[in-house]
Amino acid sequence: MSCFTNKYADELVKNAAYIGTPGKGILAADESTGTIGKRLSSINVENIEENRRSLRELLFCTPGALECLSGVILFEETLYQKTASGKPFVDVLKEGGVLPGIKVDKGTVELRGTNGETTTQGLDGLGQRCAKYYEAGARFAKWRAVLKIGLTEPSELAIHENAYGLARYAAICQENGLVPIVEPEILVDGSHDIEKCAAVTERVLAACYKALNDHHVMLEGTLLKPNMVTPGSDAPKVAPEVIAEFTVRALQRTVPAAVPAIVFLSGGQSEEQATCNLNAMNKLKTKKPWALSFSFGRALQQSTLKAWAGKTENVGKARAAFLCRCKANSEATLGKYQGNATLGEGASESLHVKDYKY
Amino acid sequence: MASASFLKSSPVLDKSEFVKGQTLRLPSASIVRCRPAAPSVLTVRAGSYAEELVKTAKTIASPGRGILAMDESNATCGKRLASIGLENTEANRQAYRTLLVTVPGLGDYVSGAILFEETLYQSTTDGKKMVDVLVEQKIVPGIKVDKGLVPLAGSNDESWCQGLDGLASRTAAYYQQGARFAKWRTVVSIPNGPSALAVKEAAWGLARYAAISQDNGLVPIVEPEILLDGEHGIERTFEVAQKVWAEVFFYMAENNVLFEGILLKPSMVTPGAECKDRATPEQVAEYTLKLLHRRIPPAVPGIMARSFLSGGQSEVEATLNLNAMNQSANPWHVSFSYARALQNTCLKTWGGRPENVKAAQEALLIRAKANSLAQLGKYTGEGESDEAKKGMFVKNYAY
């Protein structure tokens, strides 16, 4: 069979298309326990389950926020958590018209013989885990592969290994009713210019789609979560319009029209930068057969976190900051963002952390 | 797709560097020293012709227009001439091609014409260069550059397409002569597998041809034809087509082909010729469009579908299929690259007689206009002649 068709095919297509609804995007709230710990410690909050739960409740129950979202990616712990009044988070999301998603990878490990390149783990038992997550209410999944740009990177080996890992994961997800988000992140670290990033991105995406096709993944039931094409973190900055042109061109060259939506990662960009870049892409007049939207973690939560600082009395302020970013990005998916949405503290702060590891 | 600079960066030194006498360094991660990435320049792929290639491709893929394939080899042209009782002489081929390129107003519906090498260097019977006549008609001249199919050793009785040797100098010469696009037709056979080897060879050959053509200023039309012969159903064709196109695009990417400067000539997705289940134009359109959506990057400006007259289609069916594919917006221009689907009635009407030239030219124009409407999704099929509706199947059809 050229691509499988099983009982989930129609549902996968429907859900993938829904994620790309104009005016909506994804909140990536799937920080692992370790990673969320770093966030919490940055605002002097203890990394205990209750605090992790409170933070997510703060986000998901922000009035008006869910209207700007089509999906939220969760970490496993969160998939089974509830609000303080006992309502499961998945129900909160579903009632708000938001699809729950689940991070299913198990982190990266180094590839022997490379210069610090990695592959992503998580295929063992993935089928059973996906089935379990589907039962718990998840409808899409996420797996983050990581590549970097260097003198000799990304190597053929790293590209091949990560592309085929993504393809296996994607095929298994679809077998179990979850729309796979395919995320081949090329880290922004480095002093390379935007052309280099573009060429590497095109090479990586070509390999990814080759792998997906070889694995008979149904593209209409997938999403892509790529990096935007930008200069390296140590290279001179360029305007959002330039980023938009290079990014969309790279996607035109590699992503078949069957893919319904492309949801960008923010990768260390500030909240404002990420929004402006997304907006510029949606304003660009060129062939864009897929929706262009967001799947932001830090770029949606940064100023919210700062405003909250772990204090109950700040929840209102924190929610206002979160809603502000949600609306800004919602507008950006329509190319209508005017810029500088009541800048919360930290909205312009770069969120880049060198050699970022989850 | 990487620019040349970092294609060369590799931790494993290739043979040529060793031969040049450099010390063979162990490719250890920490002490890899390779040629540093070249200072970034604008990644201009396809050499200096990039802009022109993009412009030419867009021109050929203009709304309401498509390609007239008139690149029959001498042998094949001989068969056409024989069918109307004419001898296969250069004069007759010249007369026939003159008839085609001088159709008044052809450029309204035809954006490009693929020529055989002889024709590229020929003049019309009035002494004007064929290419000049075409250019005046606002038709871009193209040239067939492959050297035909030969048996593929080690395969399951399959073929591969020759023509890479000296292709760079040939394409450069053709560009000088006025050609601005090229065509290379390779085939894949479903009854014979196709074997992974045959698919790989077809895809890689196309990728190399495309890269070389672009390097010399010609927009490559990429044509992996999936032969109609066979009893297989439409699902099987669909499966094979998806595999073939995935390989083709991946290898083209590896060869740094500029996708904004290519055109595709896919075969539509249909059941095999001997399959008892037939398909409607709507079904063919559905499967073909699905294939294109799943495999063709939006950067490609035009898809010039081939017809299947050799598979029993009639001229009208070819037009209907094209029309069905243009009932809603596509990310790429979907048009025609037809040979017999345009020429069949015209040839018969001519019959080799000068007094029939006008009528023959009108017949060609009628088909060209019908397909133009089909490209715009507006073909209604009114007023079609019986000749145009006749099917023509030739088993084991070979060019």
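How many helices and strands does chain B have? In this predicted model, chain B has 15 helices and 10 strands, and its 399 residues include a buried share of 57%. The accessible surface of chain B amounts to about 16400 Å², and carbon and sulfur atoms account for 54% of that surface. When contacts in chain B between residues at least 6 apart in sequence are considered, 80% of them join residues at least 24 apart.

Individual positions in chain B can be set against this overall description. B:Ala318 is part of helix H12 of chain B, which comprises residues 315-325, and with a relative accessibility of 0% B:Ala318 counts as buried, because the limit for that class is under 20%. The C-alpha atom of B:Ala318 is separated by 25 Å from that of B:Leu149, a residue 169 places away along the chain. B:Glu51, by contrast, is located in helix H3 of chain B, residues 50-60, and its relative accessibility of 73% places B:Glu51 among the exposed residues, because that class begins over 50%. Between B:Glu51 and B:Gly217, which are 166 residues apart along the chain, the C-alpha separation is 9.8 Å.

Some features of the backbone of chain B concern loops. Most residues other than glycine have a negative phi, and most peptide bonds are trans. B:Lys138, which is not a glycine, nevertheless has a positive phi of about 65°; this residue belongs to the loop that runs between helix H7 (130-136) and strand E3 (140-144) of chain B, and at 61% relative accessibility B:Lys138 is exposed. A positive phi is also found at B:Asp157, where the value is near 65° and the residue is again other than glycine. The loop that holds B:Asp157 lies between strand E4 (149-151) and strand E5 (159-161) of chain B, and B:Asp157 is likewise exposed, with a relative accessibility of 72%.

Cis peptide bonds occur in both chains, as the following two cases show. In chain B, the bond between B:Gly193 and B:Pro194 is cis, with an omega of about -10°, and B:Pro194 is situated in the loop between strand E6 (181-188) and helix H9 (196-215) of that chain. In chain A, a cis peptide bond links A:Glu153 to A:Pro154, with omega at about 5°, and A:Pro154 is situated in the loop between strand E6 (140-147) and helix H7 (156-175) of chain A.

A helix pair in chain A was examined next. Helix H3 (residues 49-60) and helix H11 (residues 298-308) of chain A have axes that come within 12 Å of each other and cross at roughly 120°, and the crossing of H3(A) with H11(A) is right-handed. The H3(A) side of the contact consists of A:Asn51, A:Ser54, A:Leu55, A:Leu58 and A:Leu59, which meet A:Gln301, A:Thr304, A:Leu305 and A:Trp308 of H11(A). Of the residues in this contact between H3(A) and H11(A), five are nonpolar and four are polar, whereas no charged residue takes part.

The surroundings of A:Thr333 can be described in further detail. A:Thr333 lies in helix H12 of chain A, which spans residues 315-333, and A:Thr333 is buried because its relative accessible area, 10%, falls under 20%. The side chain of A:Thr333 takes part in two polar contacts with backbone atoms: the side chain reaches the backbone nitrogen of A:Gly23 at 2.9 Å, and a polar atom of that side chain lies 2.7 Å from the backbone oxygen of A:Ser330. Leaving aside residues up to four places away in sequence, A:Thr333 touches A:Pro22, A:Gly23 and A:Lys24, together with A:Leu278, A:Asn282, A:Leu292, A:Ser293 and A:Phe294. A:Gly23 thus appears both among the residues touched by A:Thr333 and as the residue whose backbone nitrogen its side chain reaches.

A further position in chain A is A:Asp91, which is located in helix H5 (residues 89-95) of that chain. With a relative accessibility of 31%, A:Asp91 counts as partly exposed. The C-alpha atoms of A:Asp91 and A:Ala274, which lie 183 residues apart along the chain, are separated by 29 Å.

Key: Residues are numbered from 1 along each chain as its sequence is written. Chains are lettered from A and ligands numbered from 1 in the order in which they are written. This is a predicted model: local features need pLDDT of at least 70, side-chain atom pairs count only at pLDDT 80 or more; totals for chains, interfaces and linings use all residues. Side-chain values use heavy atoms; hydrogens and water are left out. Helices (H or I, at least four residues) and strands (E, at least two) are DSSP runs, numbered from the N terminus. Buried means under 20% relative accessible area, exposed over 50%, partly exposed in between (1.4 Å probe, protein chains only). A polar contact is a pair of N or O atoms within 3.5 Å; within protein, one must be able to donate a hydrogen and the other to accept it, and residues adjacent in sequence count only if both atoms are side-chain atoms. Contact means heavy atoms within 4.5 Å. Accessible areas come from the Shrake-Rupley method with a 1.4 Å probe; for residues, only the protein chains shown count as cover. Axes are lines fitted to C-alpha atoms, for helices over the stretch in contact, and angles run from 0 to 180 degrees between N-to-C directions. A crossing is left-handed if the near helix is turned anticlockwise from the far one by less than a right angle, and right-handed if clockwise. Ala, Val, Leu, Ile, Met, Phe, Trp, Tyr, Cys and Pro count as nonpolar, Asp, Glu, Lys and Arg as charged, and the others, Gly among them, as polar.
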